[in-house]
Structure formats: C-alpha cells, structure tokens
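Reader: Hi! I'm in my first year and I'd like a close look at one part of this model, the helix in the middle of the chain and whatever packs around it. Could you walk me through that slowly?

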Amino acid sequence: MELFALLGIGMLTFLAAAVQHLYTVRLRGVVFVMTDRSEPLGDAGFAGRAARALRNTVESAAMYAPAATALVLSGGQTPLTSAAAGAYLLARCGFLLAYWVGLNRLRSGCWAIGMAAILLTYAATAFALT
C-alpha cells in the first residue's frame with residue numbers, strides 16, 4: 001500500500017497542477033499562461049484556492065515520500081503502515097476536493113489526518129531502521 005500511496009500522491013500532485021493550470025487558462029486565456037506571469041492571478045476565489053491546494057500538496061508529498069520510500073526499501077511495512085498509507089492517500093484526496101470547493105473545516109480535518117499518517121510513517125520507518 002505504501003508504494004500505491006507514493007504513486008497516488010504523485011498523481012494527486014499532477015491533478016492539482018492540471019486543475020490549477022486549466023482554470024488559469026479559462027480565467028486568463030492561453031496567452032497569459034505563455035507569459036512569465038509577472039502579473040499574479042491573486043489569492044481570491046477558486047484561483048487562489050487551487051494555487052494554495054497545489055502548494056500544500058507538493059509540501060505534503062515532500063514530507064511523505066522520504067519516509068514511505070525508506071520504509072519500503074527497508075522492508076518495514078506492517079498492517080499499521082499500510083493503513084496509514086491508505087489513510088494518507090484518502091485524506092489528501094479529501095483535502096484537495098475540500099480546498100477546491102471551500103469546505104474549510106473538512107479541509108483542515110483531512111490535513112490533520114494526513115499529517116498524523118505522515119508522523120506514523122516516520123515513526124514506523126525509524127523503528128524499522130533500528
């Protein structure tokens with residue numbers, strides 16, 4: 001499950017980037033996305049939420065990937081780490097959707113679940129490597 005979660009967070013990052021890009025094209029047009037974007041989109045509305053969701057997804061992936069990769073390479077997977085990987089991936093899916101539609105409490109809850117899964121993965125990896 002840990003490898004699936006690693007692939008999944010990569011795909012979610014791609015999806016978040018694609019949604020943000022396609023919305024930018026819709027909002028500002030193809031000519032704008034082909035510039036250096038020195039004139040920012042702004043942080044309001046869906047454009048801002050999509051940009052923040054993408055940034056947070058990249059940050060989350062950067063936290064999860066090292067621990068999950070080390071866990072897999074060490075052969076330290078357990079049913080608990082598998083459950084954490086599944087919870088992480090589901091939480092990140094919920095996070096993205098909640099962020100895009102502006103459900104702040106759900107987004108925050110999904111973020112917390114994802115962070116707990118990351119912490120559990122780091123703890124399990126540390127235990128597996130000792």
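Author: Of the 130 residues in this chain, 38% count as buried, and keep in mind that we're looking at a predicted model. The chain has five helices and zero strands, so to speak an α-α-α-α-α run if you read from the N terminus. Its C-alpha trace spans about 55 × 30 × 20 Å along the principal axes. Now look at who touches whom: among contacts with a separation of 6 or more, 75% are between residues 24 or more positions apart.

Okay, on to helix 3, which covers residues 45-74. Let's take its partners one by one.

Start with helix 1, residues 2-28. Helix 1 and helix 3 pack with their axes 9 Å apart, at an angle of about 165 degrees. Angles over 145 degrees count as roughly antiparallel, and that's why helix 1 is called roughly antiparallel to helix 3. Their crossing is left-handed. And what kinds of residues make up the contact of helix 1 with helix 3? Sorted by class, there are 22 nonpolar, four polar and one charged.

Next comes helix 5, residues 104-129. Helix 3 and helix 5 also have a packing distance to note, with axes 9 Å apart, and their angle is about 25 degrees. That angle is under 35 degrees, so helix 3 and helix 5 are roughly parallel to each other. This crossing is left-handed too. If you want to click through the residues, the helix 3 side includes Asn56, Ser60, Met63, Tyr64 and Leu71, while the helix 5 side includes Trp111, Met115, Ile118, Tyr122 and Leu129. By class, the contact of helix 3 with helix 5 has 14 nonpolar, five polar and no charged residues.

Let's zoom in on one residue of helix 3: Ser60. Is Ser60 buried or exposed? Its relative accessibility is 2%, so Ser60 counts as buried. Leaving out neighbours within four places in sequence, Ser60 is in contact with Tyr88, Arg92 and Ile118. Ile118 is one of the helix 5 residues that meet helix 3.

Follow that list to Arg92, which sits in helix 4. You might be curious about an arginine in a place like this, and here's the number: with 2% relative accessibility, Arg92 counts as buried. What does Arg92 touch, setting aside neighbours within four places in sequence? Its contacts are Ile9, Leu12, Asn56, Thr57, Ser60 and Trp111. Asn56 and Ser60 belong to helix 3, and Trp111 to helix 5. Arg92 and Trp111 are 19 residues apart along the chain, and their C-alpha atoms are separated by 7.1 Å.

Helix 4 covers 79-101, and it brings us to the core. The largest nonpolar core has 22 residues, and Tyr64, Tyr88, Leu96 and Trp100 are the ones with the most contacts inside it. Helix 1, helix 3, helix 4 and helix 5 each give two or more residues to this core. The largest share is from helix 4, with eight residues. Try Trp100 on your screen: beyond its neighbours up to four places away in sequence, it touches Leu15, Ala16, Val19, Phe46, Arg49, Ala50 and Ala53.

Last stop, the stretch leading into helix 3. Leu41 is in the loop between helix 2 and helix 3. With a relative accessible area of 28%, Leu41 is partly exposed. Skipping neighbours within four places in sequence, Leu41 is in contact with Thr24, Leu27, Arg28, Phe32 and Ala47. For a sense of scale, Leu41 and Ala91 are 50 residues apart in sequence and 28 Å apart in space, C-alpha to C-alpha.

Arg37 is in that loop as well, between helix 2 (30-33) and helix 3. Arg37 counts as partly exposed, at 36% relative accessibility, and beyond residues up to four places away in sequence, it touches His21 and Phe32.

Thr24, one of the contacts of Leu41, is found in helix 1. At 2% relative accessibility, Thr24 counts as buried. Not counting residues up to four places away in sequence, Thr24 touches Gly29, Phe32, Val33 and Leu41.

Terms used. Residues numbered from 1 in each chain as written. Predicted model: local features only at pLDDT ≥ 70, side-chain atom pairs only at ≥ 80, totals over all residues. Heavy atoms only, no water. Axes fitted to C-alpha atoms, helices over the stretch in contact; angles between N-to-C directions. Helix = DSSP H or I, 4+ residues; strand = E, 2+ residues; numbered from the N terminus. Parallel < 35°, antiparallel > 145°, perpendicular 65-115°, else oblique. Left-handed = near helix turned anticlockwise from the far one by under 90°. Nonpolar A, V, L, I, M, F, W, Y, C, P; charged D, E, K, R; others polar. Buried < 20%, exposed > 50% of the residue type's maximum accessible area, 1.4 Å probe, protein only. Contact = heavy atoms within 4.5 Å. Core = buried A, V, L, I, M, F, W, Y, C linked by side-chain atoms within 4.5 Å.
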